[in-house]
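Work through the exercises below with the sequence and the 3D structure at hand. Try each task before reading its solution.

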Amino acid sequence: AVAQNEARSFAAGIAGPPLGGALFAVARSLPFIADTATFLCSMTSISLTRSQFQSTETANPPTPRTMSADIAGGFARLWQHPFFRATSLLFAMANPVFIGLYLLAILLAKQHGASSTTIGLMLAIIGAGGMLGALAATTIRQATSPRALILTEQWLLLALVLALLLVRAPLVIGLLIAAAEFITPAVNSVVAGARVAATPDRLQGRVQAAATMFAMSLGWLGPLAVGISFEHGGSTTTILILAGWTLIPATIATLAPGLRGNLPRPLPIANQREDGASQR
C-alpha cells in the first residue's frame with residue numbers, strides 16, 4: 001500500500017514539472033493560476049463528499065485525551081523499538097538532502113543555461129525514477145534484506161551527490177537524482193510496513209503522525225542550506241556540503257545496532273491489550 005501511494009505521488013510528479021515549465025514559458029503567472037484551479041477542484045470534491053467514516057454511537061465512549069498526550073504516546077511507541085529509533089533518525093537526517101537536491105538541481109540547471117521547459121523535463125525524470133522505484137518496490141524487498149536495502153540507499157545517495165560535481169547537462173542531473181529516488185519507495189515500504197505490523201490498531205494514527213513529524217523535522221534545512229551556500233560559495237561548495245551531510249546518515253546506518261536485528265514482528269491480536277501496550 002505504501003508503494004502504491006508513492007507511485008501515485010510520483011506519477012503526478014512526472015506530469016507536473018514539464019507542464020509547469022511549459023506554462024511558465026508562456027506566462028509566469030500561468031503555473032500559479034493552474035495550481036490554484038487544481039486546489040479549488042480538490043476542495044470542491046472534498047466538500048461534496050457525503051460518507052459516514054466513523055460511527056457516532058458507541059456503547060463505551062472513549063476516555064477524553066489531550067493532544068499533547070496523544071503526541072507523546074505516538075513518540076513513546078515509536079521509540080520503544082531500536083529499529084524504529086534508528087530508521088526515524090536516518091529519515092530525519094536524509095530528508096534535508098532529498099529536499100535540498102531538488103533546489104540544487106534547478107540551480108545547477110539554470111547555471112548551465114537550461115530553459116524552463118528543460119528544467120521541467122529534468123524534474124519529470126526525477127519523478128519517473130521514484131515512480132519506477134515504487135512499482136519495483138515489492139521485487140526489491142523480496143531480493144534484499146532490510147539492512148542491505150537501507151545501507152544501499154544511504155551510500156548510493158552519497159555517491160550520486162558527489163557525481164553532481166562531474167555533470168553539467170540538466171537531463172543527466174535529473175537521471176542522477178532519479179537513481180537516488182528509485183530505491184526510496186522500497187525502503188519506505190519496509191519501514192512503514194514493519195511499523196504498521198508492530199503497532200496496535202488504536203495507536204496507528206498516533207504512531208504514523210509521530211513518525212512523519214520526526215522524519216520531516218529537519219527537511220527545511222535542505223533548501224535553506226542549499227540556497228545560502230549556492231549564493232555565497234557556488235555549486236562546488238554546495239555539493240561538498242551536501243555530501244558531507246549525507247555521510248552522517250550513511251555512517252549511522254552502517255554502525256547502528258538497531259538495524260542489525262530482525263524486523264519487528266506483527267503483534268498477535270490476543271496480545272494487543274486495550275491500553276495499546278504489547279506483550280512480546
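**Exercise 1.** Sort the residues of the lining of the largest cavity into nonpolar, polar and charged.

*Solution.* Start by listing the residues that line the largest cavity in this predicted model. They are Leu-101, Leu-157, Leu-160, Val-161, Leu-164, Leu-176, Ile-177 and Ala-180. Next, assign each residue to a class: Ala, Val, Leu and Ile count as nonpolar. The lining therefore divides into eight nonpolar residues, no polar ones and no charged ones.

**Exercise 2.** Which helices each supply at least two residues of the lining of the largest cavity, and what is the volume of this cavity?

*Solution.* Take the helix ranges: helix H7 covers 146-163 and helix H8 covers 170-182. Now place lining residues in these ranges. Leu-157, Leu-160 and Val-161 fall within helix H7, while Leu-176, Ile-177 and Ala-180 fall within helix H8. Helix H7 and helix H8 thus each meet the requirement of at least two residues. The volume of the largest cavity is about 40 Å³, and the count of cavities of 30 Å³ or more comes to one.

**Exercise 3.** Is Ser-235 buried or exposed? Give its helix and the residues it touches.

*Solution.* First locate the residue: Ser-235 belongs to helix H11, residues 221-255. Then compare its relative accessible area with the cut-off. The value is 17%, and buried means under 20%, so Ser-235 is buried. Finally, look for its contacts, leaving out residues up to four places away in sequence: Ser-235 touches Leu-108, Gln-111 and Phe-230.

**Exercise 4.** How is the aromatic pair of Phe-83 and Phe-84 classified?

*Solution.* The count of aromatic pairs comes to two. One of them is formed by Phe-83 and Phe-84, with 5.7 Å from centre to centre. Rings pair if their centres lie within 6.5 Å, so this distance qualifies. The planes are 70° apart; over 60 degrees counts as edge-to-face, so the pair is edge-to-face. Both Phe-83 and Phe-84 are buried.

**Exercise 5.** Describe the chain as a whole: its secondary structure, its buried share, its contacts and its exposed area.

*Solution.* Begin with the secondary structure, which comes to 11 helices and zero strands. Then turn to burial: of the 280 residues, 37% are buried. For contacts with a separation of 6 or more, residues 24 or more positions apart account for 84%. Last, the chain exposes about 15,400 Å², of which carbon and sulfur atoms supply 66%.

Technical notes:
Residues numbered from 1 in each chain as written. Predicted model: local features only at pLDDT ≥ 70, side-chain atom pairs only at ≥ 80, totals over all residues. Heavy atoms only, no water. Phe/Tyr/Trp six-rings, centres within 6.5 Å; stacked < 30°, edge-to-face > 60°. Buried < 20%, exposed > 50% of the residue type's maximum accessible area, 1.4 Å probe, protein only. Helix = DSSP H or I, 4+ residues; strand = E, 2+ residues; numbered from the N terminus. Contact = heavy atoms within 4.5 Å. Areas by Shrake-Rupley, 256 points an atom, 1.4 Å probe, with all protein chains shown as cover. 1 Å grid on protein atoms, 1.4 Å probe; cavity = no way out; pocket = protein on both sides within 12 Å on 5 of 7 lines; lining within 4 Å. Points joined across faces, edges and corners; volume = space filled by probe spheres on them.
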